Amino acid sequence: LRGVARAAKYDGLSLERATETSLRFHLYRMEWPQSSSEIRRARQTLRPLGRLSRLSSPSELVEAVEGEAQQYRTNALLWAGLEKKSRAFVHLLSPGELARVIDSFAAARVQSSPLRLLHLAAERLSREVHHCSLDDVARALHAFGSFDVRDRRLLEAVSVALPWLLQRAEHDPEQALGPPLALLCESLAVLRWPDREALRCAVRFLDRALTQP
(Lines give C-alpha, C1' and ligand atoms only; values in the text may rest on other atoms or scores of the structure.)
Protein backbone atom coordinates (compact mmCIF):
# COMPACT_ATOMS: atom_id res chain seq x y z
CA LEU A 1 0.00 0.00 0.00
CA ARG A 2 2.80 2.36 0.84
CA GLY A 3 4.35 1.73 -2.57
CA VAL A 4 1.07 2.45 -4.34
CA ALA A 5 0.55 5.64 -2.32
CA ARG A 6 4.11 6.76 -3.00
CA ALA A 7 3.71 6.12 -6.77
CA ALA A 8 0.40 8.00 -6.82
CA LYS A 9 2.06 10.92 -5.01
CA TYR A 10 4.93 11.04 -7.47
CA ASP A 11 2.54 10.81 -10.41
CA GLY A 12 0.54 13.75 -9.08
CA LEU A 13 3.70 15.80 -8.44
CA SER A 14 5.04 15.01 -11.92
CA LEU A 15 1.75 16.07 -13.50
CA GLU A 16 1.76 19.30 -11.51
CA ARG A 17 5.34 20.15 -12.54
CA ALA A 18 4.67 19.28 -16.17
CA THR A 19 1.57 21.45 -16.21
CA GLU A 20 3.43 24.29 -14.50
CA THR A 21 6.26 24.10 -17.05
CA SER A 22 3.80 24.10 -19.92
CA LEU A 23 1.94 27.10 -18.53
CA ARG A 24 5.20 29.01 -18.04
CA PHE A 25 6.25 28.19 -21.58
CA HIS A 26 3.01 29.54 -23.02
CA LEU A 27 3.19 32.58 -20.76
CA TYR A 28 6.63 33.61 -21.98
CA ARG A 29 5.96 32.66 -25.61
CA MET A 30 2.78 34.74 -25.87
CA GLU A 31 3.05 37.39 -28.61
CA TRP A 32 0.47 40.07 -29.14
CA PRO A 33 -0.66 40.73 -32.73
CA GLN A 34 1.32 43.54 -34.34
CA SER A 35 -0.44 46.60 -35.65
CA SER A 36 -0.29 47.56 -39.31
CA SER A 37 1.87 50.58 -38.47
CA GLU A 38 4.44 48.37 -36.70
CA ILE A 39 4.54 46.00 -39.67
CA ARG A 40 4.99 48.98 -42.00
CA ARG A 41 7.87 50.36 -39.90
CA ALA A 42 9.53 46.94 -39.84
CA ARG A 43 9.31 46.65 -43.60
CA GLN A 44 10.65 50.18 -43.99
CA THR A 45 13.62 49.31 -41.78
CA LEU A 46 14.44 46.12 -43.66
CA ARG A 47 13.70 47.52 -47.11
CA PRO A 48 14.23 51.27 -47.01
CA LEU A 49 14.21 51.48 -50.83
CA GLY A 50 11.17 49.26 -51.20
CA ARG A 51 11.25 46.27 -53.52
CA LEU A 52 14.46 46.32 -55.56
CA SER A 53 12.57 44.72 -58.44
CA ARG A 54 11.34 48.22 -59.26
CA LEU A 55 14.87 49.10 -60.40
CA SER A 56 14.24 48.09 -63.98
CA SER A 57 17.05 49.95 -65.77
CA PRO A 58 20.80 50.49 -65.30
CA SER A 59 20.31 54.23 -64.75
CA GLU A 60 17.84 53.57 -61.91
CA LEU A 61 20.31 51.17 -60.29
CA VAL A 62 23.16 53.69 -60.51
CA GLU A 63 20.95 56.42 -59.07
CA ALA A 64 19.93 54.17 -56.17
CA VAL A 65 23.42 53.00 -55.14
CA GLU A 66 24.93 56.47 -55.47
CA GLY A 67 22.04 58.26 -53.83
CA GLU A 68 19.47 57.01 -51.35
CA ALA A 69 21.20 53.72 -50.52
CA GLN A 70 24.20 55.61 -49.11
CA GLN A 71 21.97 56.71 -46.21
CA TYR A 72 21.63 53.06 -45.11
CA ARG A 73 25.23 51.89 -45.15
CA THR A 74 24.77 49.46 -42.25
CA ASN A 75 21.78 47.70 -43.81
CA ALA A 76 23.42 44.45 -44.91
CA LEU A 77 20.16 43.09 -46.36
CA LEU A 78 19.79 46.14 -48.60
CA TRP A 79 23.34 46.00 -49.96
CA ALA A 80 23.15 42.25 -50.52
CA GLY A 81 20.07 42.86 -52.64
CA LEU A 82 21.77 45.69 -54.52
CA GLU A 83 24.77 43.46 -55.23
CA LYS A 84 22.49 40.77 -56.64
CA LYS A 85 20.73 43.37 -58.78
CA SER A 86 24.08 44.74 -59.97
CA ARG A 87 25.25 41.29 -61.01
CA ALA A 88 22.07 40.89 -63.05
CA PHE A 89 22.77 44.22 -64.79
CA VAL A 90 26.52 43.80 -65.19
CA HIS A 91 26.30 43.33 -68.98
CA LEU A 92 23.72 46.10 -69.41
CA LEU A 93 25.66 48.78 -67.56
CA SER A 94 28.15 50.82 -69.53
CA PRO A 95 31.78 50.51 -68.35
CA GLY A 96 31.51 53.94 -66.74
CA GLU A 97 28.26 53.04 -64.96
CA LEU A 98 29.77 49.77 -63.75
CA ALA A 99 32.74 51.66 -62.29
CA ARG A 100 30.35 54.01 -60.49
CA VAL A 101 28.34 51.12 -59.07
CA ILE A 102 31.28 49.23 -57.57
CA ASP A 103 32.77 52.48 -56.26
CA SER A 104 29.45 53.15 -54.52
CA PHE A 105 29.83 49.85 -52.67
CA ALA A 106 33.28 51.00 -51.57
CA ALA A 107 31.90 54.39 -50.48
CA ALA A 108 29.26 52.63 -48.37
CA ARG A 109 31.94 50.46 -46.73
CA VAL A 110 29.65 47.46 -46.81
CA GLN A 111 30.34 44.80 -44.19
CA SER A 112 30.93 41.93 -46.62
CA SER A 113 32.98 42.41 -49.78
CA PRO A 114 30.93 42.04 -53.00
CA LEU A 115 33.46 39.57 -54.39
CA ARG A 116 31.22 38.07 -57.06
CA LEU A 117 30.31 41.51 -58.37
CA LEU A 118 33.96 42.58 -58.38
CA HIS A 119 34.93 39.44 -60.29
CA LEU A 120 32.34 40.14 -62.97
CA ALA A 121 33.36 43.81 -63.08
CA ALA A 122 37.03 42.88 -63.52
CA GLU A 123 36.17 40.63 -66.47
CA ARG A 124 34.08 43.32 -68.12
CA LEU A 125 36.41 46.27 -67.50
CA SER A 126 39.55 44.41 -68.55
CA ARG A 127 37.92 43.85 -71.95
CA GLU A 128 36.47 47.34 -72.35
CA VAL A 129 38.92 49.58 -70.52
CA HIS A 130 39.49 51.61 -73.72
CA HIS A 131 35.85 52.67 -73.54
CA CYS A 132 36.40 54.16 -70.08
CA SER A 133 37.45 57.64 -69.09
CA LEU A 134 40.30 58.33 -66.68
CA ASP A 135 37.74 59.03 -63.96
CA ASP A 136 36.04 55.66 -64.61
CA VAL A 137 39.33 53.79 -64.32
CA ALA A 138 40.30 55.65 -61.15
CA ARG A 139 36.95 54.92 -59.48
CA ALA A 140 37.04 51.26 -60.48
CA LEU A 141 40.56 50.75 -59.09
CA HIS A 142 39.57 52.64 -55.95
CA ALA A 143 36.77 50.12 -55.39
CA PHE A 144 39.11 47.16 -55.83
CA GLY A 145 41.66 48.76 -53.51
CA SER A 146 39.02 49.47 -50.86
CA PHE A 147 38.09 45.79 -50.72
CA ASP A 148 41.71 44.64 -51.09
CA VAL A 149 40.94 42.70 -54.26
CA ARG A 150 43.95 42.62 -56.58
CA ASP A 151 42.95 41.41 -60.04
CA ARG A 152 46.13 41.14 -62.09
CA ARG A 153 44.32 40.84 -65.41
CA LEU A 154 42.49 44.12 -64.82
CA LEU A 155 45.66 45.88 -63.69
CA GLU A 156 47.54 44.74 -66.77
CA ALA A 157 44.73 45.97 -69.03
CA VAL A 158 44.71 49.31 -67.24
CA SER A 159 48.48 49.69 -67.66
CA VAL A 160 48.13 49.14 -71.40
CA ALA A 161 45.35 51.72 -71.70
CA LEU A 162 46.72 54.37 -69.32
CA PRO A 163 49.12 56.13 -71.74
CA TRP A 164 46.26 56.90 -74.11
CA LEU A 165 43.79 57.72 -71.33
CA LEU A 166 46.23 60.08 -69.62
CA GLN A 167 47.17 61.80 -72.86
CA ARG A 168 43.53 62.36 -73.72
CA ALA A 169 42.80 63.71 -70.24
CA GLU A 170 45.81 66.05 -70.28
CA HIS A 171 44.74 67.63 -73.57
CA ASP A 172 41.06 67.91 -72.71
CA PRO A 173 40.36 71.47 -71.48
CA GLU A 174 37.11 70.34 -69.85
CA GLN A 175 38.80 67.53 -67.92
CA ALA A 176 39.67 68.31 -64.31
CA LEU A 177 42.81 66.19 -64.20
CA GLY A 178 43.80 66.60 -60.56
CA PRO A 179 41.11 64.59 -58.67
CA PRO A 180 41.03 61.49 -60.90
CA LEU A 181 44.82 61.46 -61.22
CA ALA A 182 45.25 61.62 -57.44
CA LEU A 183 42.67 58.86 -56.93
CA LEU A 184 44.34 56.76 -59.61
CA CYS A 185 47.81 57.01 -58.06
CA GLU A 186 46.43 56.33 -54.59
CA SER A 187 44.55 53.24 -55.80
CA LEU A 188 47.56 51.89 -57.69
CA ALA A 189 49.64 52.28 -54.52
CA VAL A 190 47.04 50.43 -52.43
CA LEU A 191 46.95 47.63 -55.01
CA ARG A 192 50.77 47.49 -55.07
CA TRP A 193 50.90 48.13 -58.81
CA PRO A 194 53.39 50.91 -59.68
CA ASP A 195 52.72 52.38 -63.09
CA ARG A 196 55.40 54.57 -64.67
CA GLU A 197 53.06 56.43 -67.00
CA ALA A 198 50.74 57.41 -64.16
CA LEU A 199 53.67 58.62 -62.06
CA ARG A 200 55.10 60.61 -64.98
CA CYS A 201 51.75 62.25 -65.57
CA ALA A 202 51.49 63.09 -61.86
CA VAL A 203 54.96 64.68 -61.98
CA ARG A 204 54.03 66.78 -65.02
CA PHE A 205 50.78 67.86 -63.38
CA LEU A 206 52.52 68.90 -60.16
CA ASP A 207 55.26 70.67 -62.06
CA ARG A 208 52.71 72.74 -63.98
CA ALA A 209 50.73 73.46 -60.82
CA LEU A 210 53.82 74.65 -58.93
CA THR A 211 55.28 76.76 -61.72
CA GLN A 212 52.08 78.53 -62.73
CA PRO A 213 51.86 82.08 -61.41
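Is cysteine 132 buried or exposed? Select cysteine 132 and switch on a surface to look for yourself. With a relative accessibility of 4%, cysteine 132 counts as buried, because the cut-off for buried is under 20%. Keep in mind as you click around that this is a predicted model.

**Stop 1: the whole chain**

Zoom out and colour by secondary structure. You'll find ten helices and zero strands, so don't go hunting for arrows. Going along the sequence, the pattern reads α-α-α-α-α-α-α-α-α-α. The protein has 213 residues, and 38% of them count as buried. Now think about who touches whom: among contacts with a separation of 6 or more, 73% join residues that sit 24 or more positions apart.

**Stop 2: one helix, one face**

Select residues 58–66, which make up helix α3. Now highlight Pro58, Leu61, Val62, Ala64 and Val65: these residues of α3 are buried. Turn the view until you look down the axis of α3; the buried residues fall within an arc of 165°, so they line one face of the helix. Here's a handy rule for helices: an α-helix has 3.6 residues a turn, so residues three or four places apart point the same way. What do the buried residues of α3 pack against? Show α4 (76–88) and α5 (95–108), and you have the packing partners.

**Stop 3: a pair of rings**

Stay with α4 and α5, and show tryptophan 79 and phenylalanine 105 as sticks. A search of the whole structure turns up one aromatic pair, and you're looking at it: the ring centres of tryptophan 79 and phenylalanine 105 are 5.0 Å apart and the planes meet at 70°, so the pair is edge-to-face. Tryptophan 79 belongs to helix α4 and phenylalanine 105 to helix α5, so the pair ties together parts that are 26 residues apart in sequence. Both tryptophan 79 and phenylalanine 105 are buried.

**Stop 4: the core**

Next, pick Leu82, Ile102, Leu141, Phe144 and Leu184. These have the most contacts inside the largest nonpolar core, which has 56 residues. Helices α3, α4, α5, α6 (115–128), α7 (134–146), α8 (152–170), α9 and α10 (196–211) each bring at least two residues to this core, and α8 gives the most, with nine residues. As background, nonpolar side chains in soluble globular proteins tend to be buried together.

Want a close-up? Centre on isoleucine 102. Beyond its neighbours within four places in sequence, isoleucine 102 is in contact with several residues, including Leu117, Leu118, Ala121 and Phe144.

**Stop 5: a buried serine**

Move to helix α9 (residues 178–190) and select serine 187. At 3% relative accessibility, serine 187 counts as buried. Which residues is serine 187 in contact with, leaving aside its neighbours within four places in sequence? Show Ala138, Leu141 and His142. Try the distance tool too: a polar atom of the serine 187 side chain lies 3.3 Å from the backbone nitrogen of histidine 142. Then click arginine 139: it is 48 residues from serine 187 in sequence, yet 8.6 Å away in space, C-alpha to C-alpha.

**Last stop: another cysteine**

Finish at cysteine 185, which is partly exposed with a relative accessible area of 21%. Why is the sulfur of cysteine 185 not bonded to the closest cysteine sulfur? That closest sulfur, in cysteine 201, is 7.7 Å away, too far for a bond. In fact, the structure holds zero disulfides.

Terms used. Residues numbered from 1 in each chain as written. Predicted model: local features only at pLDDT ≥ 70, side-chain atom pairs only at ≥ 80, totals over all residues. Heavy atoms only, no water. Buried < 20%, exposed > 50% of the residue type's maximum accessible area, 1.4 Å probe, protein only. Helix = DSSP H or I, 4+ residues; strand = E, 2+ residues; numbered from the N terminus. Arc of directions from axis to C-beta. Contact = heavy atoms within 4.5 Å. Polar contact = N/O pair within 3.5 Å; in protein donor to acceptor, adjacent residues only side chain to side chain. Disulfide = S-S within 2.5 Å. Phe/Tyr/Trp six-rings, centres within 6.5 Å; stacked < 30°, edge-to-face > 60°. Core = buried A, V, L, I, M, F, W, Y, C linked by side-chain atoms within 4.5 Å.
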